[in-house]
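Subject: Structure for you, with notes

Hello,

Here is the structure I promised. Please open it first, then read my notes below.

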Amino acid sequence: MDQPTVGILHPGSMGAAVAGCAAANAAEVLWCEAARSTASAARAEQFGLTPVPTLPELLDRSDIVISLCPPAAAEDLARDVAEHRLTGVYLEANAINPERVQRIEELLGPDATVVDGGVVGSPPVRGKTPTLYLSGPATATTRIEALFAGTAVETRTLGTQVGKASALKLSYASFQKTSRVLVALAVGMAREHGVDQELIDVASRRTDSYLSEPQYVAKTAARAWRWGPELEEAADTLAAAGLPPEMLRAAASTLARWNDAKDDSELTLTDAVDRLAQP
């Protein structure tokens, strides 16, 4: 397969490193230096990216365009691209929801081929190997796979439906990132009462991730009638320590949807998740 010319939009810490990996299998990787910071320029130089003065030039020269930017800017950036009628592959790799990806696909029109992407992991530097999940037209996802073949960015294609990769990314992020916030709240509460080291000792005895144990969800549902009020008590304790209680109150509110499953030992994972979807 011929080596494509690639354009990276807004080379941040993730985007520049991913683009640097793409350079191994690309004829050239371009970035637009207009209105970008000196930090962006330094990152682009570090990863061997070629500057071009304007976005239209980048789009005209690129066979594949990669969008990796802060989520809030994803649609505005796509609008800028849409003004110039992109005809190549547009890899929408931002952490946005599937509906927004589909809006971007409509925005770019029939001349562009949109591939939905989601990066799970840290930027591919210093031995890190993130996975780029893909979904979209098979011919386009195959080109993206080839672009990163043999690099620190692993690729996995989930199918042809645009939105699947973003759904997986956000599903994982909803657990992974929220869990970090919960750690901060738990440590803050424990520290207020001088038992933070003891908390860490208790937690260190269990190293498995709850996300890898979905079968436990049904047991959680059966115990929700007790756990919800317990989290309300914990939320009150956080508030008394001057820490934000809203996350635990939201968790208690979620648990309340399982109140009618009290001590139901026959409940399945499917039943439990279905009940969450009922108001």
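L238 is a good place to start, in helix 9. A caution before going on: this is a predicted model.

**Helix 9**

L238 is buried, and its relative accessible area is 0%. What does L238 touch beyond its neighbours up to four places away in sequence? The list is L185, M189, L243, P244, P245 and L248. M189 deserves a look. Along the chain, L238 and M189 are 49 residues apart. Their C-alpha atoms are separated by 5.9 Å.

Now move to A224. This residue is also found in helix 9, which covers residues 216–240. A224 is buried, at a relative accessible area of 1%. Residues up to four places away in sequence aside, A224 touches P229, L255, W258 and N259. A252 is 28 residues from A224 in sequence. In space the two are 8.4 Å apart, C-alpha to C-alpha.

T220 is in helix 9 too. T220 counts as buried, at 14% relative accessibility. Neighbours within four places in sequence left aside, T220 is in contact with W227, L255 and W258. So L255 and W258 appear in the contacts of A224 and in those of T220, by the cut-off of heavy atoms within 4.5 Å.

**The chain as a whole**

The protein chain has 279 residues, and 38% of them are buried. There are 11 helices and eight strands. Along the principal axes, the C-alpha atoms fill a box of roughly 60 × 40 × 35 Å. The accessible surface comes to about 14,900 Å². Carbon and sulfur atoms account for 52% of that surface. Now the contacts between residues at least 6 apart in sequence: 62% of these join residues at least 24 apart.

**Cores**

The largest nonpolar core has 30 residues. Which of them touch the most other members? They are I66 and F148. Several elements each supply at least two residues of this core. The strands are strand 1 (5–9), strand 2 (28–32), strand 4 (64–67), strand 5, strand 6 and strand 7. The helices are helix 1 (13–22) and helix 6 (138–147). Helix 1 gives the most, with seven residues.

A second core lies apart from this one. That other core has 22 residues, among them L55, L59, I104 and V162.

Back to I66. Not counting residues up to four places away in sequence, I66 touches V6, G7, I8, L9, L91, L147 and F148.

**Cysteines**

How many disulfides are there? The count comes to zero. Take C32 and C69. The closest cysteine sulfur to that of C32 is in C69, 14 Å away, so the two are too far apart for a bond. The cut-off for a disulfide is 2.5 Å between the sulfur atoms. From the other side, C69 is in no disulfide, and its nearest cysteine sulfur is that of C32.

Are these cysteines buried or exposed? C32 is buried, with a relative accessible area of 15%. C69 is buried as well, at 12%. Both values count as buried because the cut-off is under 20%.

**Rings**

The structure holds zero aromatic pairs. There is a charge over a ring, though. The charged end of K262 sits over the ring of W225. The distance to the ring centre is 4.2 Å.

**Two backbone angles to check**

Most residues other than glycine have a negative phi. R85 has a positive phi, near 50 degrees. Where is R85? The place is the loop between helix 4 (74–82) and strand 5 (89–92). R85 counts as exposed, at 60% relative accessibility.

R126 has a positive phi as well, near 50 degrees. R126 is in the loop between strand 6 (113–120) and strand 7 (131–135). This residue is exposed, with a relative accessible area of 80%. Both values count as exposed because the cut-off is over 50%.

That is the list.

Best wishes

Notes. Residues are numbered from 1 along each chain as its sequence is written. This is a predicted model: local features need pLDDT of at least 70, side-chain atom pairs count only at pLDDT 80 or more; totals for chains, interfaces and linings use all residues. Side-chain values use heavy atoms; hydrogens and water are left out. Buried means under 20% relative accessible area, exposed over 50%, partly exposed in between (1.4 Å probe, protein chains only). Rings of Phe, Tyr and Trp (its six-membered ring) pair if their centres lie within 6.5 Å; planes under 30 degrees apart count as stacked, over 60 as edge-to-face and the rest as tilted. A charge sits over a ring if NZ of Lys or CZ of Arg is within 6 Å of the ring centre and within 35 degrees of the ring normal. Helices (H or I, at least four residues) and strands (E, at least two) are DSSP runs, numbered from the N terminus. Accessible areas come from the Shrake-Rupley method with a 1.4 Å probe; for residues, only the protein chains shown count as cover. A nonpolar core is a set of buried Ala, Val, Leu, Ile, Met, Phe, Trp, Tyr and Cys residues joined through side-chain atoms within 4.5 Å.
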